[in-house]
Amino acid sequence: MRLELKLALIGAISKIVIFILLFILMQQVIDNQAVKHTDRDLIKMKDKTLSIVEKIGINSFLNIERDSVYASYNMLKDEYISIDIDPSKNGEKLVFSNEAREIEDEEFDFRILNYRFEINNQHYVLEIGKSVQLINSLNKMIKNISISIILLVLLITILVDIGINKYLLTPLNKMILGKLKTITDPETFDFSDLTSSTSDFVSLNNALNELMHKVSESLKNQQRFTANVSHELFTPISVMQSKLENLLLSNDLPEHFITDILEQQEHLNRLQQIIKALLLIARIENDQFAKDETLNLRELIEEIILNIEDRAQMRNITIENAIPAGLIVGKVNKSLVYILLFNLISNAIKYNKDNGEIKVSCFNNGPNFNIEITDSGIGIEQDQIPKIFDRFKRADPLTGEGYGLGLSIVKSIVLFHQGSIDVRSELGVGTTFKVQFALTDVNVSHLS
Ligand code: ADP
């Protein structure tokens, strides 16, 4: 999972947890406040009622001789006021309670204020009620508004977090996508400095640049070493070979000598092939070839098939050249592309079955030009595929002849043209090598 997504997820989850706790706490606070607010309202109503009683006299509300009770409620029956004579004459002065009251044969739940007072030595009780249903509906409305506000704030903070994370991680993404993902060769590595206010990213970028400088330097040393050693070995081996050839020309050589010399010649030949291959790789990696030639791809394949036909015919293997006529590929080195395709077709014969098939085709795929060599051969085990391009690596060292350098040469030629190579293989079914070039790196056109 990407760091950016991980941070956004962790941020969102922690915020959701905090907001849920906040929501639970708010419910209790709202419930509490609603009761307190209602009680304050009831006290105000009590004070107002008492001041009216004081102004117009208690007798306007009650007829004491007839023992009557004053009671008033509003149209929706969610508020009522009653005044009565207090028979107990004592008890608490001001009491709040939640009780049910019957109004016109209907029962309602009320928050009730009970107040006892005295006028002219007569004790009265004032009762004011507010419908609990009314308080609850107000409560519900406040809770709904608070949920909406919490959700909105949650969404905004999550979005802001995602934006901030994206902004902060931009230099890291730039480094990973721009530098590390496109890295094919330390030589072409992007050594540019990173401009960021986050010093950790700048340090990371500097460390990466330094590391790549070291890798590039040691790779160059290795290439120089291989080139020098191969070059130094090549001359004495050639001299030894011509000396052995001269020896073979002498007439009075005993039979066992001739066999020995032929054996030594074979060893030297093998050594010479290896040195030639190593020298070629070193020269390609040291950019000692031009890349400004054009070639007719179909004709090049025809030429390779002509040179390799004998080997294919010996095992009744057919090679299909499916490259369209007149396809011209430019900005390449012709000899190197020849070696590249020769090695792949040669392997397709070497690792094929008797009566097998080989097909060479090409196609455009978006911004890329692909050449595919498919065979119906023995296939390669999946765990071996990443290793076959390594020098001296052979998937099965016990079978066939070869030095394990053919695919190393192929890879260095592909990289020399800024391309890439892929392998798909199934054991016993066959193998496809796909060489891919960007159309910006090679020119592909058709002869009209
Ligand atoms: P080699 O000289 O052994 O052919 P390469 O570098 O050309 O060396 O190939 C490396 C190994 O990759 C080979 O030994 C072989 O096991 C495997 N290989 C290459 N091409 C094919 C193919 N077309 N089918 C199956 N295996 C292959």
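How many cavities of 30 Å³ or more does the structure hold? I looked this up first and found one.

Before going on, I noted that this is a predicted model, in which local features need pLDDT of at least 70 and side-chain atom pairs count only at pLDDT 80 or more, while totals for chains, interfaces and linings use all residues. I also noted that residues are numbered from 1 along each chain as its sequence is written, and that side-chain values use heavy atoms, with hydrogens and water left out.

**Entry on the cavity.** I took a cavity to be a set of points, on a 1 Å grid over the protein atoms alone, where a 1.4 Å probe fits but cannot get out, with lining residues having an atom within 4 Å of a point. The largest cavity has a volume of about 50 Å³, a volume being the space filled by probe spheres set on the points, which are joined across faces, edges and corners. I listed its lining as L295, L297, V329, V332, V337, F369, I371, F437 and V442. By class this lining has nine nonpolar residues, no polar and no charged, where Ala, Val, Leu, Ile, Met, Phe, Trp, Tyr, Cys and Pro count as nonpolar, Asp, Glu, Lys and Arg as charged, and the others, Gly among them, as polar. Strands β8 (327-332) and β10 (368-375) each supply at least two of the lining residues; strands (E, at least two residues) and helices (H or I, at least four) are DSSP runs numbered from the N terminus.

**Entry on helix packing.** I then turned to α1 (residues 3-56) and α2 (residues 132-180), which pack at an angle of about 160° with their axes 9 Å apart. That angle makes α1 roughly antiparallel to α2, because angles over 145 degrees count as such. Their contact has 20 nonpolar, eight polar and six charged residues.

For α3 (residues 199-249) and α4 (residues 255-285), I found axes that come within 8 Å and cross at roughly 155°, so α3 is roughly antiparallel to α4. Here the contact has 17 nonpolar, ten polar and three charged residues. In both entries the axes are lines fitted to C-alpha atoms over the stretch in contact, and angles run from 0 to 180 degrees between N-to-C directions.

**Entry on salt bridges.** Counting a side-chain nitrogen of Lys or Arg within 4 Å of a carboxyl oxygen of Asp or Glu, I arrived at 15 salt bridges. One of them joins R111 and D39, whose closest N and O atoms are 2.8 Å apart. R111 lies in strand β4 (residues 106-119) and D39 in helix α1, so the pair ties together parts that are 72 residues apart in sequence.

Notes. On a 1 Å grid over the protein atoms alone, a cavity is a set of points where a 1.4 Å probe fits but cannot get out, and a pocket is an open set with protein on both sides within 12 Å along at least five of seven lines; lining residues have an atom within 4 Å of a point. Angles under 35 degrees count as roughly parallel, over 145 as roughly antiparallel, 65 to 115 as roughly perpendicular and the rest as oblique.
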